[in-house]
Amino acid sequence: RLQVMAAGYSQVTVAVPQGIDAPVGTSRYVARVIDSPNPWREQPAFRLFLQRASTQHDVLWPVSEAAIFATAACRRELSAMRLLIPSDAALRYTLSKYHATQAAQSVGMAVPPTVFVSDGAWPDDLSPLVESLSVLGYPLLLKHDNYLLPSGQYVRGRTEQVDSPLQANALLTELREVGARVIAQRPIPGHGAGVFLLRHRGKTLLHFAHERLHEVPYTGGVSSLRVSCHDEALVAQSERLLAQIDYQGVAMCEFRKTASGEALFLEVNGRLWGSLALALHCGVDFPRTLLLAMQGMPVPAQADYPDGLRCR
């Protein structure tokens, strides 16, 4: 939000789900904070909220995957606003580890040992699927994509460790009921790494790399302490993947680095990421640059950034 102001937007409105006491409410850079339905819990209500707000604002930048999913479903109704989200074709990959992992393999990127369990079409008999997991050994990780329930709840994708075929069968039975897409992967000891990219009209305008020093949980999860670095090989791989799926906008490609230094692809986040502050502290301003590019305004060339800068 700070960078939106720097780009010349004097009236920044932030929508916060009802009942959440968000720190952004005290920001001097925000003109006002308004309550919204929670897009994770109330997709239909949130979509109506967006449509009502569309007559009062010029630009909409949804941050969470649930808000992006709702915005994409209302593209036609929100045509009066500039929507800062990926195309529907790109969302196929940014909202799905299943499809993103397949795309990464198609461009020659290394991924953890993987079994593609289900694309959402499930058989009555799960035994062959459970048996197919034996190639990975146990314990293994079952990863399911986000999915929408008839109630309007948009369920966040999760990664769960299973220690036996019995546990795998129980979890797959649950996921079959909701028609989720699922992959299984072997756990990879190591630490997280990420490449941030801004692509516009087929060109990379900004790039940035970091490695994670602390994660929550420590076995792999959300970054809580990270450090800036240069990793030309990972940047090149990430550019190749995003070019393959014709991605436009901001994205983070996430990797797991082993003790030997091998980087294995995990997912693409097609949204602003939790570790954005590190890039901003390094002088790489993704939000402002995307706003300029989307308005057809001149975009300054990226300057180099320092290695070794840490940010919580």
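**Exercise 1.** In this predicted model, determine which residue of strand 15 stands opposite Glu 254, and place that pair within its sheet.

*Solution.* Start with the pair itself: Glu 254 stands opposite Glu 267 in strand 15. A second pair along these strands is that of Phe 255, whose bridge partner in strand 15 is Phe 265. Altogether, six bridges join strand 14, residues 249-257, to strand 15, and the two strands run antiparallel. In the hairpin that strand 14 and strand 15 form, five residues lie between the strands, and Gly 261 takes a positive phi near 95° there.

Next, widen the view to the whole sheet, which is open and consists of six strands in the order 15-14-11-12-13-16 with antiparallel pairing. Its edge strands are strand 15 (263-269) and strand 16 (310-311), each of which pairs on one side only. Finally, add the helix: helix 8, residues 232-244, packs on this sheet and touches strand 11 (191-200), strand 12 (203-216), strand 14 and strand 15, its direction making about 50° with that of strand 11.

**Exercise 2.** Decide whether His 200 is buried or exposed, and describe its surroundings.

*Solution.* The residue lies in strand 11. Because buried means under 20% relative accessible area, the 17% computed for His 200 classes this residue as buried. Beyond its neighbours within four places in sequence, His 200 is in contact with Leu 205, Gln 248, Ala 293 and Met 294. His 200 and Val 250 are 50 residues apart in sequence, yet their C-alpha atoms are 8.8 Å apart in space.

The strand pairing adds to this picture, since nine bridges join strand 11 to strand 14 in an antiparallel arrangement. In one of these pairs, Leu 197 stands opposite Ala 251 in strand 14. Strand 14 is itself mostly covered, with nine of its nine residues buried.

**Exercise 3.** Describe the second largest pocket by its volume, its lining and the residues closest to its centre.

*Solution.* The volume comes first: about 1,300 Å³ of space lies in this pocket. Of the 49 residues that line the second largest pocket, Lys 97, Gly 221, Val 222, Glu 254 and Glu 267 are the closest to its centre; the pair of Exercise 1, Glu 254 and Glu 267, is thus found again here. Two or more lining residues come from each of helix 4 (88-94), strand 6 (140-144), strand 9 (158-162), strand 12, strand 13 (222-229), strand 14 and strand 15. By residue class, the lining divides into 17 nonpolar, 17 polar and 15 charged residues.

**Exercise 4.** Work out which strands stand at the edges of the four-stranded sheet, and which helices pack on that sheet.

*Solution.* The four strands form an open sheet in the order 5-10-6-9, with antiparallel pairing. Strand 5 (114-118) and strand 9 each have a single partner strand, so one side of each is left without a neighbour in the sheet. Disregarding direction, neighbouring strands here are turned by 25° against each other on average. Strand 6 and strand 9 are joined by five bridges and run antiparallel, and Leu 140 has Val 162 in strand 9 as its bridge partner.

Two helices can then be added. Helix 5, residues 97-106, packs on the sheet by touching strand 5, strand 6 and strand 10 (182-185), and its direction makes about 140° with that of strand 5. Helix 7, residues 165-178, touches strand 5, strand 6, strand 9 and strand 10, and its direction makes about 155° with that of strand 9.

Technical notes: Residues numbered from 1 in each chain as written. Predicted model: local features only at pLDDT ≥ 70, side-chain atom pairs only at ≥ 80, totals over all residues. Heavy atoms only, no water. Pairing = 2+ DSSP bridges. Contact = heavy atoms within 4.5 Å. Axes fitted to C-alpha atoms, helices over the stretch in contact; angles between N-to-C directions. 1 Å grid on protein atoms, 1.4 Å probe; cavity = no way out; pocket = protein on both sides within 12 Å on 5 of 7 lines; lining within 4 Å. Points joined across faces, edges and corners; volume = space filled by probe spheres on them. Nonpolar A, V, L, I, M, F, W, Y, C, P; charged D, E, K, R; others polar. Buried < 20%, exposed > 50% of the residue type's maximum accessible area, 1.4 Å probe, protein only.
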